[in-house]
Amino acid sequence: MTKRQRAEKGWKLVDHTADLCLEIHGSDLKELFLNAAKGLTELLGAHSASIPDKKDHLSLEADSVEDLLVDWLRELLFQNETRGNVLVEARISELSNIGLKADLDFAVRRR
């Protein structure tokens, strides 16, 4: 996928000196969080075209919207790295500047 295609999908990889950097776009907060999840999933080398075989519910609270976004991505990274769960789809049912509730569908990566 080219950088232009990624930008049209709501996120793009940006050159950064230390780590990887994603530039995320969204027409509202919910779309921003969903696009961040999609970008992270692709950066991890996982593709959401898999058929889900595990469901989970996630509820997060944070002091700010910035912290909430970091916690959201941290949880998805944790699921991927420790449990082999590859995000296939996320449905955010509630989202505010300090809280998030979502239903997640994962494909379990066989090790």
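A residue is called buried when its relative accessible area is under 20%, exposed when it is over 50%, and partly exposed in between. Phe106, at 0% relative accessibility, therefore counts as buried. The structure that holds this residue is a predicted model, and Phe106 is a useful place to start reading it.

Phe106 sits in strand E5. Leaving aside neighbours within four places in sequence, Phe106 is in contact with nine residues that can be listed in full: Pro52, Asp53, Lys54, Asp56, Gln79, Asn85, Val86, Leu87 and Val88. One of these, Leu87, is 19 residues away from Phe106 along the chain, but the C-alpha atoms of the two are separated by 4.6 Å. The strand around Phe106 fits the same description: seven of the ten residues of E5 are buried, so E5 is largely enclosed by the rest of the structure.

To see what surrounds E5, step back to the whole chain. The protein has three helices and five strands, and along the sequence they follow the pattern α-β-β-α-β-α-β-β. Of the 111 residues, 30% are buried. The surface that the protein exposes comes to about 7,000 Å², and carbon and sulfur atoms supply 50% of that area. Among contacts with a separation of 6 or more, 58% are between residues 24 or more positions apart.

Strand E5 has partners in E3 and in E4. E3 and E5 run antiparallel and are joined by eight bridges; in one of these pairings, Leu58 has Ala102 in E5 as its bridge partner. E4 and E5 also run antiparallel, with nine bridges between them. Asn85 stands opposite Val108 in E5. The connection from E4 to E5 is brief in sequence terms, since the two strands form a hairpin with three residues between them.

The loop between E3 and H3 contains Ser64. The side chain of Ser64 reaches the backbone nitrogen of Asp67 at 3.1 Å. Leaving aside neighbours within four places in sequence, Ser64 is in contact with Asn97 and Ile98.

Next comes the nonpolar interior. In soluble globular proteins, nonpolar side chains tend to be buried together. The largest nonpolar core here has 16 residues, of which Trp72, Leu76, Leu87, Leu100 and Leu104 touch the most other members. The elements that give two or more residues to this core are helix H2 (29-43), strand E3 (54-61), H3, E4 and E5. The largest share, four residues, comes from E5.

Leu104 shows how such a core residue is placed. Apart from neighbours within four places in sequence, Leu104 is in contact with Trp72, Leu76 and Leu87, and also with Lys54, Lys55, Asp56, Leu58, Glu89 and Ala90.

Charged residues form the last part of the picture. Side chains of opposite charge can pair when their charged atoms come close. The model has four salt bridges. One of them joins the side chains of Arg74 and Asp71, at 3.2 Å from N to O. Both residues lie in helix H3 (residues 65-83), three residues apart, which is about one turn of the helix. Asp71 has a relative accessible area of 23%, so it is partly exposed.

Another group of charged residues forms a network of salt bridges that links Lys55, Glu89, Arg91 and Asp105. Within this network, which residues pair with Arg91? Glu89 does, with the closest N and O atoms 3.8 Å apart. Asp105 does as well, with the closest N and O atoms 3.0 Å apart. Asp105 lies in strand E5 (residues 99-108) and Arg91 in strand E4 (residues 85-95), so this pair ties together parts that are 14 residues apart in sequence.

Are the members of these pairs buried or partly exposed? Glu89 has a relative accessibility of 39% and counts as partly exposed. Arg91, with a relative accessible area of 33%, is also partly exposed. Asp105 is buried, because its relative accessible area is 5%.

Strand E5 thus appears in several parts of this account. E5 pairs with E3 and with E4, gives four residues to the largest nonpolar core, and holds both Phe106 and Asp105.

How values were computed. Residues numbered from 1 in each chain as written. Predicted model: local features only at pLDDT ≥ 70, side-chain atom pairs only at ≥ 80, totals over all residues. Heavy atoms only, no water. Buried < 20%, exposed > 50% of the residue type's maximum accessible area, 1.4 Å probe, protein only. Contact = heavy atoms within 4.5 Å. Areas by Shrake-Rupley, 256 points an atom, 1.4 Å probe, with all protein chains shown as cover. Core = buried A, V, L, I, M, F, W, Y, C linked by side-chain atoms within 4.5 Å. Polar contact = N/O pair within 3.5 Å; in protein donor to acceptor, adjacent residues only side chain to side chain. Pairing = 2+ DSSP bridges.
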